[in-house]
Structures are given as structure tokens and as C-alpha cells.
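I opened the model with a short list of things to look up, and I note them here in the order in which I went through them.

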Amino acid sequence: MSDLFTTESSSSSSSSSSSPQILLTEFQQWTTWFNIDHPGGNGDYERLDAIRFYYPNRVCPKPRRMEARTTEWIPAGKTGEVVHYSLTKGFWCINTEQEEGKNCSNYSVRFLCPIEKPYMLENPEAKVRRVGQSVTFCCNAVGEPAVEQYLWYHNGTLLDQNIHKSSNQLILRKLKPSQVGEYYCKAKNDAGFVKSSHAKLTLIGSLMPGSDEEAGEWHRKKMGSARPGPVTPIGPDHPPAQDDHACNPNPENHLIQLPQDCLQNATNSLYYNVGKCPSTSCPGDLDNGLRCKDTVPYCCGITKTELKEVSCQGYVLPIKVAVQCGCLKCVDTKIIVRGRAVASDTGEPMRFGHIYMGNTRVSMTGYKGTFSIQVPAKTERLVLTFVDRLQKFVNTTKVLPFNKKGGAVFHEVLLLRKKEPVILDSMSTNQILLGDVENNDPIAELEIPPNSFYRQNGEIYNGKVKASVTFLDPRNISTAAAVQSDLNFVNDEGDTLPLRSYGMFSVDFTDEKATESLNAGAVKVYLDSSQVKMSEHLETMKLWSLNPETGLWEEEGNFQQSKVQRGKREERTFLVGNMEIRERRLFNLDVPESRRCYVKVRAYRSERFLPSEQIEGVVMNLINMEPESGFSSNPRAWGRFDSAIAGSNGACLPAFCDDKTPDAYSAFVTATLGGEELESVESSPKFNPNLIGVPQPYLNKLNYRRTDHDDPKVKKTAFSINVAKPTPNVAEESNGPVYAYDKLLDCEEAPHSSAHFRFYRVEGDRYDFNTVSFNEDDPMSWTADYLAWWPKPMEYRACFMKVKIVGPQEIIVRSRNMGGTHPQTVGQLYGIRDVRSTRDLEESSTSTACVEFKCSGMLYDQDRVDRTLVKIVPQGSCRRDSINSMLHEYLVNHLPMAVNNDTNEYTMLAPLDPLGHNYGIYTVTDQDPRTAKEIALGRCFDGSSDGASRVMKSNVGVALTFNCLDKDVGHQSVFRGGNGLAASSAARQGGRLGRQERASSRNRSASRITSLLTTRQRSSDQ
């Protein structure tokens, strides 16, 4: 047998050492033998860099071990020669180091490499082309060993490999209508397959005259080098007829809410149709139609608007209405992921922790655990690992969904606290119990034989071992949100499939001084079979480890049933498996689960549940709960945790389901936006299927329950259902909200009229109106117009002014924003902002409002600045009392000065400079509009330029003060909607106090799911 080398060292036949017991599994393999040098000259040098040069892609980046032998098959350790070996440099033998008169033998070497299935780095992108043009789809995967073949599929059928070579690029020329549909690739290496996501090819009309190049030239002439303004068509004539299929020139209906004093008598409605263009792609700039990504992507957008006027009480409101759509250059956007990393038990932040993407550190958490990351282009799956430098928390790998359209999404990352280490004797057998739920046996146990610990260089470690093993017990349902990764794996066919967890454990072994990390070989895992209530799971249970670079779980080994007596307990059946603890330190006891469905959920701005009021960017979470006691599966335990981001058509959340027993699996669903919780529709005392969004009798079968169903004191921010798989050929169950797993496309494209569950935002005290409509959840909806509130789609600048109200009532404060100095916009309305003042908890006669206004600055053409004319108007009988002296001095010194003859209001030409709290002005610029407003609002509440608060501080950082009389407001609040829904939202539990402590919900959010689930568990136990 040849020698086994693990790190850089020297050896001769006289040296010997014992080796730890190593598990060589099917997930690692030896390379072929390499011999690239001969012992002539100075010696024999089998250098690793030279081997990789002559044999590319034949040796993995990080070999685990190496062997060397002579060409006569004599192991290097038995030749009596002095040799050197290194897993980073290779193997060498120097002639001058040998006995006199002897030279080195001729050696061959080989390396032990892990086998890893391919992982898809780049997925093909959806393309739009015309008939007769060309297109290229690309995918790129990595694995160990390297990917050797790519297979391409069209609508699920393998394409002819004799025509389409086994390349990572699929090139289709002279496209025909029969080639429309979905394309994906499979990447293959010795370890298996992986599938890419599907990319849709859309073909439009007939071929335009000329080749691809001529078509591209036509596009450039028609569309120009910059996106045209909204009042300008694409060209002097209409787009060709075939473009109608890519971008319907007739806008879709899109309702916006008008101010309360703008009720339309003709419709008796406060909603107005401003139109919008469909979110579709157009044929791209085809300078080179064979690129993986179109050089300049084109989207359907507004090409022409008309100015309409709406009659209100005492004034006319201008509104820009879309009248024509066409193909334009897509709006450039940036994708941001923000959040907080906090302890799952107490909410303690992970301060100044490191965040890794693969092996690269990309960010750090702040003092409060906050983080912000710009998602790199072409990222399909954002896998981040959070590492606590203080070692309080377990290293945590999360797969965080993001909005591919652009903008920011907020995630709260819950971290498990590390278990206190125990001291083990490396020379003895050691047992570590997994699971410490009160009054329950452990789920599993680790057994580490004597002499199993070894150092990173492969030497046996003899001494005391500090061992910290943290177990995530699914029987404790409050831990569900702290699960690592997204519990997915890739099967032998390359499909990404879900796992159901029976427990997850993180291990940390070090020497007694905690200066060196230790490995452990031949560790046994004993899983108590009595903890597995579903008998079919006993046969499919496996041991998995997490790949922190891909966020996917990879198989470590199988389990075998055996009757064993553990400790003082009676003999019982255990599932026994083997594992080795090396680089990876996070493991899972899981079974693949085939009973899968999708649950359709939407989020709205109000309880009206209008299609035009859907919110994008909401983080939807679904916790798969095991059945209630009495069913033949684990009672009161979670199975997996999934998240999705709501798009323009809601979100489809994966869930386990059963088609025979409706209550076999249940799900617990929450929704957050920017860290704030959204409410679900009530189930008690009123149970209204029309509001819930699901018709009877299917709704009863799903057993919908909001969290306060049995206790009105519980928060209203989640609901639970039985995930009853729809029965085939039953009309009431064929239209959502639960879809079979193979009906994902039906779920994603379901119309608003289809059944779905609903969340809504309790936002009764704010109102925004933009003359040019813009959806802050969808940066792609931005329109280039002089009257756009946000003049740049990738740089959003939010401005707020702090206004103090002296008087016994909370009142509405309005900012009316108009063009001030720019010739294109002077005197024209940008928008209106209304906000209710917030009562000071300590001074009953004082309230304060943070009012947004349009920042001064460049308009969309970036040609010249406009100083916005801002008018601050408190509702009711108010008199201006004082102006911040520093703000007044600034405005005096930066002419022109606005006229302020009316003491009931205040008018200014907004400052160009960002100023700060000393002026009562709060300005923040960010790549996401909602984030910019959130930060600026927090500073305004706090009265500082760098702090944040959600408790209003009325006496610091104030710009204006008004005295308001002690009498009822003269006319109806702008927040008292026609059906009273918004008013009732504002008056619900928490009311004013809830607004005064807006972000305290975010600070407590680490425990919200815990408390809700714990409440659910207590109810279940009773």
C-alpha cells in the first residue's frame, strides 16, 4: 500500500506515525497517477502546478490527500529515501539529500479529491426575438471534477446533440415559430447532474427586412441612444405591427388613489385610472445577436402621456395619464439586500460580524447588526454566510431571496447562540446528545471513538478537546426561522428538491486552548427511530452536510437500522450512520419529501385589496408545520422554512402537502416589508371568504386561522392553514390558492381573480400622490418626465421636514410640491404628501409630523436644477408660530426667497444642500426609494442627522412650529376613506402608540415568530 500524505512534510522509511481512522466514502475519489518528471539532474519533482499545466482540470483545487509510489509500485515511505510532499506544492525528492551514491527513484503521485455535483453559476436568460433572427442561451456550472458535458432541452425534450454540440452555449439561427417555449440546460460530471432554471424564448411577428444587423440598426434609429421622454413617441411613425405582441400600445388599467377632497362625482370614487404598460420584454439591440446577454435590453414602457385635470375641493389636481406604450431601453436598476443579523432567542445583534459570499468577504454587520449588500449582476441565488468574530453565534449560511427587478429587500437573519463548550478526552469514547426539549428524549447522539481527533495537518491529536455542538431541534417550533440555508438538495437527475429536517447540528472542535480547529474521523450518529413517526422516512433518512458556497445540502451518508442499547435506556432501534467532520461543520438529519405544493399569497396597501394596490418586495415566509397530534407524523414540529419575494403578481411559497388527509401538513405564513409586519385577514369573529380571498368549501378544508383566532390579544400578523393538496377534477379546488408542485407556472401566472391568501399594510395615516405615477416597489415603473418625483431611477433622494403642532389634537399636515425655478416645471405640481402628526407621550398638548417634500436638484434630463416650491399646510385652524432660525437664515442667503404672507402655512424654495437636524431638514440618498425614506424618517423622529428612532422626539430638530386651535378639524381627514377602511385600520389595536413606536416592531422582530409559534404550540398542547 502506498503512503498517505496530508500536508507539507518530509519523510523517510525510518519515520512512522499512526493515522486517524479516515472514512473514504463515495463522495471522494483518487485521481489517476501522474509522472511528469524523472530523477535526472537535481531529483524528481512532481510539482502540482506543473501537473495542472499539463493536465488541466484533472486535479481539484483543494486535494484532501496524496499518495506517492515509484514506477515499480514501491510506496515512497518504504524506499528509505528522503522525500517531501505538500498538498499545495506537490511531491519532490532531491538527489543530494539521499545516501552517498544513490539518487532518487522515479515517482508517480495521485491526489484524493472530493466529488461534488455541478452547481449552476449562470442560468440562461429569457429572450425576445423576431422570426428569422438568431439567439444564444448560455449556462455555466462548476463542480468537482470539472463539468464534462452540457445537455440542452426545449420544452422538456432533449435537443439533438449531433446538431447542438455539448457546449454551455446553445445557438439557434433563423428562428421559426416552432422554437418558441422554454429552454434549459443540464450540466454533467462524474458526481451527477444539475439543471439550470428555465428561460423563455418569445418570437414576434414575421422577419423584418434584412439581417440581424439590419434589424439592430433599425432599432437604434427608432429608439435612439437614450430613453425618450414620455411625451415623445418612439419615432414619427408607429412601431411595426409585429411589436404589438411584445408591447401592446394600449396601456392597461392602473388605479391610483386621489386625495380625500378629490371625490369624483361621476364614479363616486376616490380612484383614478392613470394606465400603465405591461411588464414585458422587447427584442433587444442586436448588434450581436449571439451574445449570452443582450447588450442593451428593451422593455415595454410609456412612450406618450396626456395631462388630465381632476376637480377637487377648491383646486384642480393635474395627473399624467399613460396613453401609449412602446419598446424603450429598460430602466437601469440596482438590487440591494438589507437586514439585521440578531440572536434568535433575545434579539441581541451580531456586532461587526463578517459576511461572506463563497470565500469572499463582501460586507460587515454594524453595531446594531445591520447590513447592506449590493447583489452582483447575474446572481441567481444569493448565498451569504454570517460569521461572528466574537464566537457567540453559530456560523450561519442563509439563502436570501431578492427582487430581480431591482430595489431593496429587507431580511432579518436569526442566529443560533453557540452552546457552551464541554471538555472531551480525545483518548476515550465520547458521546454527545442531540436534542434537549424538556420531557423528551434526545433525537440523536454522536459517538466519537478514541483517537478520532486529528489536526489540520493530519496528525493524531492527543489531549483535551473543547467541543461545542449546537443542535437545532425541530420539536422546538420557535427555532424554525433560524434554520440554515433553504433545505434544498440536487438529486441525481439535476433537479433541485426540498428536504424535511429531523434536526440540524453545528460542531466546533478545538484544542483545549481554543487556538486550533480539530477534525474528527469515523464519527457515529445514532438517530432514535422512535422520533421518526412516518415509517417511510426510516428508509430514506440520510445524513447531509451544508456546502456554504452553494447553500445546498449534499449527502454525507446513509443510515442502517440496528437494535442498540444507549446508556441506561432499554434496547431500542436506532438508525446508525457514519460521518467525518472536516472542513464542513454543519450537518442535517433529513429525508427528501415528494409531497409538495405551492401556496399563493399576495400583499396589498390597504384592506380594499385592489389589484393596483398590490405591494412588491414583501418577504413572505412559510414555516412547514408537522401535523397535530393524532396524525401519524411528528406532532407539533416544524419541517422546513421557506421564503419568497412578492412580485407584481404575488408570491408562490413551496409547502409540503397531502392529497389524502387535508390536515396531514399545516403551514404558518408571515409577511414583512422593510422589517415591518403586515396584517393578515381576520378569521374571527368575522369569517368572510371574500376578504380572505378563498371561496368555500375549499376554505373550510384549508382551515384558515389568523393567529388571534382564539385569543384577540395575540398579534394579527400571521395565519395558519392545512395544506390540503387540491383534488383533481374538482372545480372549487382547481383555481388556487394551493397548487400542485407541477403547476408552478399556473400559480405564478394566476390572475387576480383566482383564489389567494392576503396580507395588507396598516397605513392609515399617510398619503402620497405623484403627478407622474411611480410604484416605489418596482423601479422598472419609473418614467422619464420633468414632473417625476424621483428624477433618477438609481439614485433616490428623500427629504423630510419636522413640523411641531401645539394643540390638543393630532392633525393632518400637507406638503404641496411644485416646480420653482426650472423653466420646464415652474408652477407645475410634482406631488402631494399628507401625514398625521404623532402625539407626544409626555406632552398632551403637543404633536409632531415628519412631512416628506420633493428635494431640490437636477431633473431627469440632468441639465439644470430646480428649487422645488414647497408649501407646508396644516389642516384646520392653525397659525405659524416660529421658523427654525438656521433654516430661515439659509433661505435668506440663498435667493430667491419665497413669499410667506399667509400665516396659516409656510412656503419655501427647498434648499439644494442636504442641511441636517439643526435646520429641521432630513435628507438621505439611497439606491432604493423606500430605504431612503425609511432612514430619513428615522432621523426625523430622532431629531438627529445620524441616529434613528421610532419614538417621536417633539422638541429636537424642529423646522416649523404651528399653533392650532382647540376645536374639531374643519373638514374630513384625508385618511378617512370613503368606506372607512383606512380609518378603521388606524384605530385598531395599538392605534397611535403603534405609530409612535414604529421601529420597535423591527427591534422586536427577532422574537415575533418565536412568540407567535410558541402561542400556537401552547394552544395545540391544550
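**Helix α7 and its surroundings**

I began with the packing of one helix, and found that the buried residues of α7 pack against β55, β64 (906-909) and β65 (921-926). I keep in mind throughout that this is a predicted model.

Which residues of helix α7 are buried? I looked through residues 885-893, which make up α7, and listed Leu 887, Tyr 890 and Leu 891 as its buried residues. Looking down the axis of α7, I saw these buried residues fall within an arc of 95°, so they line one face of the helix. On the face turned away from that buried side I noted the exposed residues Ser 885, Glu 889 and Asn 893.

I then turned to the start of the helix, where Asn 884 caps the N-terminal end of α7, with a side-chain oxygen 2.9 Å from the backbone nitrogen of Met 886.

**Disulfides**

How many disulfides does a search of the whole structure find? My search returned 14, and I followed up several of them by their residues.

I took up Cys 799 and Cys 855, whose sulfur atoms lie 2.0 Å apart in a disulfide. The torsion about their S-S bond is about 120°, so I recorded this disulfide as right-handed. The pair links distant parts of the chain, 56 residues apart, since I find Cys 799 in strand β55 (residues 796-806) and Cys 855 in the loop between β59 (846-853) and β60 (857-858). Strand β55 had already come up in my notes as one of the elements against which the buried residues of α7 pack. As for accessibility, Cys 799 has a relative value of 4% and therefore counts as buried, and Cys 855, with 8%, counts as buried too.

My next entry concerns Cys 850 and Cys 940, which form a disulfide with their sulfur atoms 2.1 Å apart. Is this disulfide right-handed or left-handed? I read a torsion of about -100° about the S-S bond of Cys 850 and Cys 940, so the disulfide is left-handed. This pair also links distant parts of the chain, with Cys 850 in strand β59 and Cys 940 in helix α8 (residues 929-942), 90 residues apart. Cys 850 counts as buried at 6% relative accessibility, and Cys 940 counts as buried at 0%.

I then went to Cys 299 and Cys 330, whose sulfur atoms are 1.8 Å apart in a disulfide. I noted a torsion of about 95° about their S-S bond, so this disulfide is right-handed. Cys 299 sits in strand β21 (residues 298-311) and Cys 330 in the loop between β22 (316-329) and β23, so that the pair links distant parts of the chain, 31 residues apart. With relative accessible areas of 14% for Cys 299 and 16% for Cys 330, I entered both as buried, because the cut-off is under 20%.

**The sheet around β23**

From the loop before β23 I moved on to the strand itself, which belongs to an open sheet of 3 strands in the order β26-β23-β29, with mixed pairing. I marked β26 (370-374) and β29 (407-415) as the edge strands, each of which pairs on one side only. The twist averages 25° from one strand to the next.

Between β23 (residues 335-343) and β26, which run antiparallel, I found 5 bridges. To follow the pairing at residue level I looked up Val 337, and its bridge partner in β26 is Ile 373.

How values were computed:
Residues are numbered from 1 along each chain as its sequence is written. This is a predicted model: local features need pLDDT of at least 70, side-chain atom pairs count only at pLDDT 80 or more; totals for chains, interfaces and linings use all residues. Side-chain values use heavy atoms; hydrogens and water are left out. Two strands pair if DSSP finds at least two bridges between them. Helices (H or I, at least four residues) and strands (E, at least two) are DSSP runs, numbered from the N terminus. Axes are lines fitted to C-alpha atoms, for helices over the stretch in contact, and angles run from 0 to 180 degrees between N-to-C directions. A disulfide is a pair of cysteine sulfur atoms within 2.5 Å. Buried means under 20% relative accessible area, exposed over 50%, partly exposed in between (1.4 Å probe, protein chains only). The arc is that of the directions from the helix axis to the C-beta atoms. Contact means heavy atoms within 4.5 Å. A polar contact is a pair of N or O atoms within 3.5 Å; within protein, one must be able to donate a hydrogen and the other to accept it, and residues adjacent in sequence count only if both atoms are side-chain atoms.
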